[in-house]
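Opening a fresh notebook page for this one. I'll jot down what I look up as I go.

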Amino acid sequence: MVTDQPRWRVHVGEACIAAGSCLALAPHRFTRGADGRSHPTDTVFKADDAVLDAAASCPMEAITVSHAQTGEPIAP
Amino acid sequence: MLAGRRVAEVNTLTEAPVPYPFPSPPSIFHPSPELGELQRTRPVAQFQLADGRTGWLATRSDDVRQVLTDQRFSRAAANDPDVPDIGPGAEAAGSIIGMDPPEHTRLRRLVAGAFTARRVEALRPRVAVLVDKLIDDLLKQPQPADLVEGFSLPLPVQVICELLGVPAHDRHTFHEWSDAVLGDASRDPEQAALAFGQLAMYFAGLIAAKRAQPGDDLLTALIAARDADDRLSEEELVVLGITLLVAGHETTANQINMMLVTLHEFPEQWEQLRAEPTGIPQAVEELMRFVQLGEAGAAFPRVATEEVDLGGVRIPAGAAVLPVLTVANRDPALVTDPDRLDVTRGLSTHLSFGAGVHHCLGAQLARMELQEALRGLVTRLPQLRIATPVADLHFKKGMIVRSLRALPVRW
């Protein structure tokens with residue numbers, strides 16, 4: 001079965017300083033952990049522009065987005 | 001009938017709004033005692049201005065964080081002149097700080113790349129050179145010398161001007177306008193509007209010059225984004241330029257001054273840095289948390305676009321909330337012994353840069369400048385001290401940040 005929408009993988013790296021921009025731009029995609037840092041709610045999900053906005057907004061460029069299957073980088 | 005409501009809601013309904021703003025705090029090193037009291041007893045409390053307008057104060061760090069990150073709280077809805085505020089609210093309209101996603105996102109994306117940690121690190125050597133030059137010049141002056149004119153103002157001005165592509169020799173021209181734009185409600189609103197107009201004219205001229213002769217700077221890049229891709233309007237371009245220029249130096253310059261005044265008040269903390277200059281980055285974070293950069297200490301107001309539960313209190317749709325960053329930074333839930341300055345702490349989850357989509361764009365740049373400024377002063381002027389009693393320091397009247405006219409120092 002072929003899905004029409006690409007699936008992406010997102011990762012929040014160690015550089016996260018809890019600025020919270022991603023939480024505000026894509027609240028369905030990121031949650032704030034007990035350590036104050038951001039964590040993806042799902043590591044793999046259907047392509048979502050809000051996640052690109054979040055990656056672009058991160059002051060630390062801590063959010064990386066890639067194609068789930070091939071690992072090809074998408075953002076930042 | 002009352003049994004069905006939460007206890008906090010009942011208490012809020014029966015408690016009168018607190019008169020706001022509060023009187024000037026007895027100490028420039030701590031938030032108003034009224035704010036501490038609210039944090040302990042009424043963390044989400046209704047306030048009332050002299051003219052009768054009401055709003056809400058959020059004082060706990062969790063609640064403040066929610067106001068800044070919850071999409072139901074709007075900055076755009078707070079541009080209405082009827083929204084109670086004691087800061088330069090009107091000037092935020094038309095600026096990125098007065099927008100919500102997606103308008104906000106569109107503009108923020110245009111500039112975010114210039115302010116990432118990576119780009120900022122690349123500027124560090126240049127900033128270190130500037131710091132050393134300024135200290136070289138300071139050392140040639142008779143004592144006491146003015147640190148404001150000789151160091152804390154020219155440093156961030158030079159940096160933001162280079163980044164933006166604004167001629168630094170115009171500094172004395174735009175500095176007065178910049179002060180007026182950051183005026184508080186005690187000022188004639190006409191003054192702020194006039195100053196903003198002057199800055200707009202200045203930038204319009206600068207933009208025209210750059211269209212004729214492009215530079216290798218952020219303003220040129222923004223002009224290209226407009227001219228080639230229509231990604232922002234001419235007005236947005238001008239206002240963004242003003243916002244970056246004003247935000248890019250006022251807060252940093254005043255933070256440098258307040259860091260030094262605060263370290264002077266707690267000399268064992270300065271000694272700690274002298275002994276261990278590698279601890280300067282942690283010290284900068286703790287000073288960001290501890291320093292009272294403004295009297296009121298609140299970020300720009302947000303308006304609830306629908307009813308929101310904030311800390312167990314029902315905020316009605318349309319109500320304005322002031323997130324009080326300074327007292328949130330002193331929340332015992334955030335750090336133990338919060339009213340003690342400890343430069344070895346290094347907590348980076350303070351709220352001084354805000355949170356959410358409006359999290360300070362220049363935060364990494366500010367951090368780096370503050371680190372280099374402190375490094376230069378601690379290592380080259382280890383005997384630095386304020387030459388005037390704190391009570392005699394002259395803060396400019398009517399600004400939302402504590403801005404010193406002068407800071408006489410000896411070394």
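**Salt bridges**

I started with a count over all chains, and the structure holds 31 salt bridges. Keep in mind that this is a predicted model.

I picked out one pair to look at: Glu15(B) bridges to Arg42(B), with the closest N and O atoms 3.5 Å apart. Where do Glu15(B) and Arg42(B) lie in chain B? I found Glu15(B) in the loop between helix 1 (7–14) and strand 1 (18–19), and Arg42(B) in the loop between helix 2 (33–41) and strand 2 (44–48), so the pair ties together parts that are 27 residues apart in sequence.

**Where chain B touches chain A**

Next I went to the contact between the chains. I get 18 residues of chain B in contact with 15 residues of chain A. The area buried between the two chains comes to about 1,500 Å², and carbon and sulfur atoms give 54% of that area.

How many salt bridges are there between chain B and chain A? I count 2. I noted down Arg118(B) with Glu61(A), where the closest N and O atoms are 2.8 Å apart. For polar contacts across this interface, the rule gives me 5 residue pairs, with both residues at pLDDT 80 or more.

Then I asked which elements of chain B give two or more residues to the side that touches chain A. My list is helix 3 (61–69), helix 5 (103–112), helix 6 (117–139) and helix 16 (363–380). Helix 5 of chain B has the largest share, with 3 residues. Sorted by class, this side of chain B has 9 polar, 5 nonpolar and 4 charged residues.

**Cavities**

Last job for the day was empty space. Searching the whole structure, I get 4 cavities of 30 Å³ or more. The largest cavity holds about 140 Å³ of space.

Which residues are closest to the centre of the largest cavity? Of the 21 that line it, they are Cys16(A), Ala18(A), Ala19(A), Gly20(A) and Cys22(A).

I also checked the elements behind this lining. Helix 1 (21–25) of chain A and helix 3 of chain B each supply at least two residues, so I have both chains written down here. Helix 1 of chain A gives the largest share of the lining, 3 residues. By class, the lining of the largest cavity splits into 13 nonpolar, 5 polar and 3 charged residues.

One cross-reference for my own use: helix 3 of chain B is on my list for the side touching chain A, and helix 3 of chain B turns up again in the lining of the largest cavity.

Technical notes: Residues are numbered from 1 along each chain as its sequence is written. Chains are lettered from A and ligands numbered from 1 in the order in which they are written. This is a predicted model: local features need pLDDT of at least 70, side-chain atom pairs count only at pLDDT 80 or more; totals for chains, interfaces and linings use all residues. Side-chain values use heavy atoms; hydrogens and water are left out. Contact means heavy atoms within 4.5 Å. Buried area is the accessible area (1.4 Å probe) that two parts lose on being put together, summed over both. A salt bridge is a side-chain nitrogen of Lys or Arg within 4 Å of a carboxyl oxygen of Asp or Glu. A polar contact is a pair of N or O atoms within 3.5 Å; within protein, one must be able to donate a hydrogen and the other to accept it, and residues adjacent in sequence count only if both atoms are side-chain atoms. Helices (H or I, at least four residues) and strands (E, at least two) are DSSP runs, numbered from the N terminus. Ala, Val, Leu, Ile, Met, Phe, Trp, Tyr, Cys and Pro count as nonpolar, Asp, Glu, Lys and Arg as charged, and the others, Gly among them, as polar. On a 1 Å grid over the protein atoms alone, a cavity is a set of points where a 1.4 Å probe fits but cannot get out, and a pocket is an open set with protein on both sides within 12 Å along at least five of seven lines; lining residues have an atom within 4 Å of a point. Grid points are joined across faces, edges and corners, and a volume is the space filled by probe spheres set on the points.
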